[in-house]
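Please read the numbered points below with the structure open beside you, and look up each residue as it is mentioned. The points go from single residues to the chain as a whole.

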Amino acid sequence: MLLVDDATLIPLRVLAVLYPAMDGRAVITIPANGNGNGNGNGNGNETVQAVDGFYIVAGHNPGVHGAVLTEALASRFTVHLHVTTDWDLARQLGVPKPIVAAAIDLNADLAAGKTVWAPQLRELLGFVKVRDHLGMTAALANLAGIAPEDARDDVTAALSRHTGTPSSNAKNRSSTPPAGRHASPPNDDDPTPPPRSPTPSD
């Protein structure tokens with residue numbers, strides 16, 4: 001057996017070397033390194049013959065940016081299994097229930113095409129580690145920050161919705177007013193512009 005992990009992230013030219021072993025020819029040709037000293041077919045390439053019972057198992061994560069399961073690759077696998085994240089296991093391993101709930105929502109949105117990324121068990125366990133070392137605020141910001149840029153707003157909204165704590169993944173929007181002045185929240189219903197600071201005259 002040969003296990004190929006993250007198969008859809010491997011360059012197609014590299015992965016194509018395995019195709020003959022997956023389509024009945026049961027042979028793999030390893031290109032020569034250019035020294036002409038390979039074994040098997042006289043042109044420097046090395047051939048490896050598969051024994052009876054040999055098979056290839058490949059894994060891939062469709063939620064990863066850049067992962068594409070081509071028809072040429074998919075057609076060479078007789079059995080296709082879809083393995084989802086075990087949310088109960090995530091809870092047992094210490095992932096907070098609100099974070100799991102947010103991840104479930106994001107994965108549902110991912111399946112429906114409403115977002116392009118959702119955290120899996122690996123990211124949730126990473127969240128726990130960051131929380132234990134740096135605190136909840138940093139963990140929330142980090143979980144949103146590791147998402148692809150075009151999914152960060154979706155992740156931030158889901159985390160905020162389930163935890164009640166805003167998760168800032170870009171920049172700190174808070175500011176400290178100058179000494180002697182007090183900041184007040186803006187009133188959107190008041191059309192009066194804020195007072196302008198006096199400017200020195202010539």
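1. Val 57 counts as partly exposed because its relative accessible area is 34%, which falls between the 20% under which a residue is buried and the 50% over which a residue is exposed. The model in which this value was computed is a predicted one, and that should be kept in mind throughout. Val 57 has its place in strand 4, which covers residues 56-58. On the surface, Val 57 belongs to a nonpolar patch together with Met 1, Leu 3 and Tyr 55, and these residues have about 430 Å² of accessible area together.

2. A patch of another kind is worth finding next. Where on the surface does negative charge gather? The patch is formed by Glu 149, Asp 150, Asp 153 and Asp 154. Glu 149 sits in the loop that runs between helix 7 (136-145) and helix 8 (152-163), and with a relative accessibility of 66% Glu 149 counts as exposed, since the value is over 50%.

3. The salt bridges deserve a careful look, and a search of the whole structure finds five of them. In one of these, the side chains of Asp 23 and Arg 25 meet with a distance of 2.6 Å from N to O. Asp 23 is partly exposed, as its relative accessible area is 33%. The pair is also part of something wider, for Asp 23, Arg 25 and Arg 76 are linked in a network of salt bridges.

4. Another salt bridge lies within a single helix, and it joins Arg 91 to Asp 88, whose closest N and O atoms are 2.8 Å apart. Both Arg 91 and Asp 88 belong to helix 4 (residues 87-92), where they are three residues apart, or about one turn of the helix. Arg 91 has a relative accessible area of 33% and is therefore partly exposed, while Asp 88, at 49% relative accessibility, also counts as partly exposed because the value is not over 50%.

5. Which residue forms a salt bridge with Arg 161? The partner is Asp 105, and the closest N and O atoms of the two are 3.6 Å apart. Arg 161 lies in helix 8 whereas Asp 105 lies in helix 5 (residues 97-111), so this pair ties together parts of the chain that are 56 residues apart in sequence. Arg 161 counts as exposed at 53% relative accessibility, but Asp 105, with a relative accessible area of 28%, is partly exposed.

6. Arg 131 is a useful residue for following contacts, and its place is in helix 6, which spans residues 121-134. If its neighbours within four places in sequence are left aside, Arg 131 is in contact with Gly 94, Pro 96, Met 136 and Ala 139. The C-alpha atoms of Arg 131 and Asn 142 are separated by 9.5 Å, and these two residues are 11 residues apart along the chain. At 25% relative accessibility, Arg 131 counts as partly exposed.

7. Two residues should be checked for their backbone angles. Asp 6, a residue other than glycine, has a positive phi near 50°, and Asp 6 is found in the loop between strand 1 (2-4) and helix 1 (12-15). Ala 26 is likewise not a glycine, yet its phi is positive at about 55°; Ala 26 lies in the loop between helix 2 (19-22) and strand 2 (27-30). As for accessibility, Asp 6 is partly exposed with a relative accessible area of 32%, and Ala 26 is partly exposed with 23%.

8. Finally, the chain may be considered as a whole. Its secondary structure comes to eight helices and four strands, and when the chain is read along the sequence these follow the pattern β-α-α-β-β-β-α-α-α-α-α-α. Of the 202 residues, 25% count as buried, and the chain exposes about 14300 Å², of which carbon and sulfur atoms supply 53%. Among the contacts with a separation of 6 or more, 52% are accounted for by residues 24 or more positions apart.

Note on methods
Residues are numbered from 1 along each chain as its sequence is written. This is a predicted model: local features need pLDDT of at least 70, side-chain atom pairs count only at pLDDT 80 or more; totals for chains, interfaces and linings use all residues. Side-chain values use heavy atoms; hydrogens and water are left out. Patches are made of residues with over 30% relative accessible area and no salt bridge: like charges are joined within 9 Å, nonpolar side chains (Val, Leu, Ile, Met, Phe, Trp, Tyr) within 5 Å. Accessible areas come from the Shrake-Rupley method with a 1.4 Å probe; for residues, only the protein chains shown count as cover. A salt bridge is a side-chain nitrogen of Lys or Arg within 4 Å of a carboxyl oxygen of Asp or Glu. Lys and Arg count as positive and Asp and Glu as negative; His and the chain ends are not counted. The place of a charge is taken as NZ of Lys, CZ of Arg, CG of Asp or CD of Glu. Helices (H or I, at least four residues) and strands (E, at least two) are DSSP runs, numbered from the N terminus. Buried means under 20% relative accessible area, exposed over 50%, partly exposed in between (1.4 Å probe, protein chains only). Contact means heavy atoms within 4.5 Å.
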